[in-house]
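Hi there,

Here is the structure I promised to hand over. Have a look at it first, and then read my notes below.

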Amino acid sequence: MSRRVQSYESDEIVVTFDPSVCVHSGACVRGLPAVFDVKLKRWVRPENAPAGQVAEQVRRCPSGALQYRMTNPD
Ligand code: SF4
């Protein structure tokens with residue numbers, strides 16, 4: 001996997017992933033498998049859940065490898 005920061009977006013949220021920071025806890029995959037699926041090449045699919053739920057899961061990432069920003073904060 002590339003060590004560069006990856007970016008995945010839906011209409012509402014942008015999720016970034018920094019592979020050099022990930023500690024492979026698996027919290028993201030266990031917590032929201034519809035969005036985080038390491039079997040897929042595009043392994044983060046934020047469009048598969050409400051943006052609030054995606055953001056909540058990202059905040060649970062223990063390493064900070066996952067970050068997010070809302071596209072339309074209003
Ligand atoms: S929750 Fe964060 S540290 Fe754990 S596997 Fe996912 S991205 Fe990596």
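A definition to begin with: Ala, Val, Leu, Ile, Met, Phe, Trp, Tyr, Cys and Pro count as nonpolar, Asp, Glu, Lys and Arg as charged, and the others, Gly among them, as polar. This is a predicted model, where local features need pLDDT of at least 70 and side-chain atom pairs count only at pLDDT 80 or more, while totals for chains, interfaces and linings use all residues. Residues are numbered from 1 along each chain as its sequence is written, and side-chain values use heavy atoms, with hydrogens and water left out.

By those classes, the shell around the ligand holds 8 nonpolar, 4 polar and no charged residues. Among the residues around the ligand (a heavy atom within 4 Å of it) are Phe17, Cys22, His24, Cys61 and Leu66.

Leu66 also turns up in the largest nonpolar core, being one of the residues with the most contacts inside that 18-residue set. Such a core is a set of buried (under 20% relative accessible area, 1.4 Å probe, protein chains only) Ala, Val, Leu, Ile, Met, Phe, Trp, Tyr and Cys residues joined through side-chain atoms within 4.5 Å. Strand E2 (13–17) and helix H2 (51–59) each give two or more residues to this core; helices (H or I, at least four residues) and strands (E, at least two) are DSSP runs, numbered from the N terminus. The largest share, 4 residues, comes from H2.

Val54 is in contact (heavy atoms within 4.5 Å) with Ile13, Val15, Leu32, Val35, Pro46 and Ala49, leaving aside its neighbours within four places in sequence.

Finally, Ser10 lies in the loop between strand E1 (6–9) and E2, and counts as buried because its relative accessibility is 12%.

Best wishes

Conventions: Buried < 20%, exposed > 50% of the residue type's maximum accessible area, 1.4 Å probe, protein only.
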